[in-house]
Amino acid sequence: MRFEGIYTPVITPFAEDNSIDYAAFGALIDSLIEAGVHGIIVGGTTGEYYVETQAERSQLLQVAVERSAGRVPVIFGTGSINPEESISLARAAVEQGADAILVATPPYSLPTERELAEHVLAVDKAANLPIMLYNYPARMGVTMGEEFFERVSGSANICAIKESSGDINRLHLLVGKYPELQTSCGMDDQALEFFAWGAKSWVCAGSNFLPEEHVALYNACVVEGDFDKGRRIMAAMMPLMSVLEQGGKFIQCVKHGVTLSGQFAGATRKPLLGLEEDEKQQLQQVIGTLKAAIAGIEKGE
């Protein structure tokens, strides 16, 4: 499977009673596809999978597959603190018709690279679907290193990695030593660097509410090969990256961005709380400036 373009890790809209608003979720998927994103990810960190039941996650996947209707691939996140749940979710991915699965390190347990490799291969065996690995040591506690890659190299299903470490040296390692593994940008403020090093996909939470602008950067760098234009677009995006990555309220900002875009996002589930009013105003100002700047760049101004 080729991973190319903008992949949106879709938020989960929660109603006032804290239940999932599946209709709003489906409507958001329609709007994202219409705006030009290239793939949908269900059950990623941005979707708050860690506070959802397996039944809820499976239902979200079912809605995503039905609403996408083959227009774009749907990737299902199998992350869980319990490896047996990851295997169960992998089987659900097959049953519900996912195109691929996202496989992460089980958080908190801090497995060795050998233990992590055995976990990934067990999930792979349960699904037998294309796999995008998910390296996010800040949340999972360990890194997918060279021993890990050696141990999983025999699986033809493992074809991509979402690299969210924030360590630019990891990008150099991946593209230099593992060229057969498609590297996908998972750290928003490094998107330009990933594209410059040959990455062809970007898993970006901000595309939940700014899909056209994220597609614009992908098109400039990957489709057109115009990195002068890409740098201008990225420069316009950097204030948003600072708000998202450095403010400590990443998911809350993304969900409020969706609200500002006119879609229903709802609140976050606890332990996360919503943004303060001044934070909402700052985000709205940053988004407005970004949209105007990128619109001007697209017009050739």
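The exercises below, each with a worked solution, concern a predicted model.

**Exercise 1. How do the axes of helix 2 and helix 3 cross, and which residues make the contact?**

Solution. Begin with the axes: those of helix 2 (residues 54-68) and helix 3 (residues 83-96) come within 10 Å and cross at roughly 25 degrees. Angles under 35 degrees count as roughly parallel, and therefore helix 2 is roughly parallel to helix 3. The handedness comes next, and here helix 2 passes helix 3 in a right-handed crossing. On the side of helix 2, the contact is made by Gln-54, Arg-57, Ser-58, Leu-61, Gln-62 and Val-65, while helix 3 contributes Glu-85, Ser-88, Leu-89, Ala-92, Ala-93 and Gln-96. Sorted by character, the residues of this contact between helix 2 and helix 3 comprise 5 nonpolar, 5 polar and 2 charged.

**Exercise 2. Why is the sulfur of Cys-204 not in a bond with the closest cysteine sulfur, in Cys-185?**

Solution. The step to check is the distance, for a disulfide requires a pair of cysteine sulfur atoms within 2.5 Å. The sulfur of Cys-204 lies 7.9 Å from the closest cysteine sulfur, that of Cys-185, which is too far for a bond. The count of disulfides by this rule is accordingly 0. As for their surroundings, Cys-185 counts as buried because its relative accessibility is 0%, and Cys-204 also counts as buried, at 0% relative accessibility.

**Exercise 3. Is Ile-161 buried or exposed, and which residues is Ile-161 in contact with, leaving aside its neighbours within four places in sequence?**

Solution. First locate the residue: Ile-161 belongs to strand 6 (residues 158-163). With a relative accessible area of 0%, Ile-161 is buried. Leaving aside neighbours within four places in sequence, the residues in contact with Ile-161 include Met-132, Leu-133, Asn-135, Phe-149, Leu-174 and Ser-184. Of these, take Asn-135, which is 26 residues from Ile-161 in sequence, with 7.1 Å between the two C-alpha atoms.

**Exercise 4. Where is Ser-184 placed, and where is Glu-163 placed?**

Solution. Ser-184 sits in strand 7 (residues 182-185), whereas Glu-163 sits in strand 6. Each can then be checked for accessibility: Ser-184 is buried, with a relative accessible area of 1%, and Glu-163 counts as buried at 2% relative accessibility. Apart from neighbours within four places in sequence, Ser-184 is in contact with residues including Ile-161, Glu-163, Phe-194 and Trp-202. Seen from Glu-163, and with the same neighbours left aside, the contacts include Ser-184, Cys-185, Arg-170 and Phe-194. Asp-99 offers a further distance to read, since its C-alpha atom and that of Glu-163 are separated by 20 Å, with the two positions 64 residues apart along the chain.**Exercise 5. Which residues have a positive phi without being glycine, and which peptide bond is cis?**

Solution. As background, most residues other than glycine have a negative phi, and most peptide bonds are trans. Tyr-108 has a positive phi, near 80 degrees, and is not a glycine; Tyr-108 lies in the loop between strand 4 (100-104) and helix 4 (113-127), where it is exposed, with a relative accessible area of 74%. Asn-128, likewise not a glycine, has a positive phi of about 55 degrees. Asn-128 is in the loop between helix 4 and strand 5 (131-135) and is exposed, its relative accessible area being 56%. Finally, the bond that joins Lys-270 and Pro-271 is a cis peptide bond with omega of about 20 degrees, and Pro-271 is placed in the loop between helix 11 (250-260) and helix 12 (277-298).

Terms used
Residues numbered from 1 in each chain as written. Predicted model: local features only at pLDDT ≥ 70, side-chain atom pairs only at ≥ 80, totals over all residues. Heavy atoms only, no water. Axes fitted to C-alpha atoms, helices over the stretch in contact; angles between N-to-C directions. Helix = DSSP H or I, 4+ residues; strand = E, 2+ residues; numbered from the N terminus. Parallel < 35°, antiparallel > 145°, perpendicular 65-115°, else oblique. Left-handed = near helix turned anticlockwise from the far one by under 90°. Contact = heavy atoms within 4.5 Å. Nonpolar A, V, L, I, M, F, W, Y, C, P; charged D, E, K, R; others polar. Buried < 20%, exposed > 50% of the residue type's maximum accessible area, 1.4 Å probe, protein only.
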